[in-house]
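Biologist: I would like to learn how to read a protein model. Could we go through one together?

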Amino acid sequence: MPIIVNLDVMMAKRKIGSGELAEHVGITPANLSILKNQKARAVRFSTLEAICRELDCQPGDILEYRPEE
């Protein structure tokens, strides 16, 4: 899939764990793991907004487009 999720990079930069971020965002740790591990097929804008708010970042800091070769 050409959309890459760099959530783990931003979490490391902000020194926040998965459980804490999931709690602050209002999603389950399992759903956060699905997103982090490139298994998600979609993400709600409200979830993306909450993640960006908690990590103090922009959506482009988390999501990246890499064309398939």
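Modeller: Start in a loop. Gln 38 lies in the loop between helix 3 and helix 4. This is a predicted model.

Biologist: What is the phi of Gln 38?

Modeller: First the general idea. Most residues other than glycine have a negative phi. Now the case here. Gln 38 is not a glycine, yet its phi is positive, about 65°.

Biologist: Is Gln 38 buried, exposed or partly exposed?

Modeller: Look at its relative accessibility. Buried means under 20%, and exposed means over 50%. Gln 38 has 37%, so it counts as partly exposed.

Biologist: Which loop holds Asp 56?

Modeller: Asp 56 sits in the loop between helix 4 and helix 5, residues 59–62. Its phi is near 50°, a positive value in a residue other than glycine. Asp 56 is exposed, with a relative accessible area of 63%.

Biologist: What phi values come just after helix 1 and just after helix 2?

Modeller: Both are positive. Just after helix 1, Lys 15 has a phi of about 55°. Just after helix 2, Gly 26 has a phi of about 90°.

Biologist: Now the helices. How do I read the sides of one?

Modeller: Use the repeat. An α-helix has 3.6 residues a turn, so residues three or four places apart point the same way. Try helix 1, residues 7–14. Its buried residues are Leu 7, Met 10 and Met 11. They fall within an arc of 100° seen down the axis, so they line one face of helix 1.

Biologist: Which exposed residues does the face turned away from the buried side of helix 1 carry?

Modeller: Ala 12 and Lys 13.

Biologist: What covers the buried residues of helix 1?

Modeller: The cover includes strand 1 (3–5), helix 2, helix 3, helix 4 and helix 5.

Biologist: Which residues are buried in helix 2?

Modeller: Helix 2 covers residues 18–25, and its buried residues are Leu 21, Ala 22 and Val 25. Their arc around the axis is only 100°, which puts them on the same side of helix 2. They pack against helix 1, helix 3 (29–36) and helix 4 (45–55).

Biologist: Let us follow a contact into helix 4. What does Thr 47 touch, leaving aside its neighbours within four places in sequence?

Modeller: Thr 47 is found in helix 4. Beyond those neighbours, Thr 47 is in contact with Val 25 and Ile 27. Thr 47 is buried, with a relative accessible area of 15%. Val 25 is one of the buried residues of helix 2.

Biologist: Now step back. How many helices and strands does the protein chain have?

Modeller: The chain has 5 helices and 2 strands. From the N terminus on, the order is β-α-α-α-α-α-β. The radius of gyration is 11 Å, close to the 11 Å that the globule rule gives for 69 residues, so the chain is as compact as a globular protein of that length. Along its principal axes, the C-alpha trace spans about 35 × 20 × 20 Å.

Biologist: How should I read burial and contacts for the whole chain?

Modeller: Read them as shares. Buried residues make up 30% of the 69 residues. Among contacts with a separation of 6 or more, 69% join residues 24 or more positions apart.

Biologist: What about the surface and the charges?

Modeller: The chain exposes about 4900 Å², and carbon and sulfur atoms supply 50% of it. There are 9 positive and 10 negative charges, and their mean positions are 3 Å apart.

Methods
Residues are numbered from 1 along each chain as its sequence is written. This is a predicted model: local features need pLDDT of at least 70, side-chain atom pairs count only at pLDDT 80 or more; totals for chains, interfaces and linings use all residues. Side-chain values use heavy atoms; hydrogens and water are left out. Helices (H or I, at least four residues) and strands (E, at least two) are DSSP runs, numbered from the N terminus. The radius of gyration is taken over C-alpha atoms; the globule rule is 2.2 Å times the number of residues to the power 0.38. Buried means under 20% relative accessible area, exposed over 50%, partly exposed in between (1.4 Å probe, protein chains only). Contact means heavy atoms within 4.5 Å. Accessible areas come from the Shrake-Rupley method with a 1.4 Å probe; for residues, only the protein chains shown count as cover. Lys and Arg count as positive and Asp and Glu as negative; His and the chain ends are not counted. The place of a charge is taken as NZ of Lys, CZ of Arg, CG of Asp or CD of Glu. The arc is that of the directions from the helix axis to the C-beta atoms.
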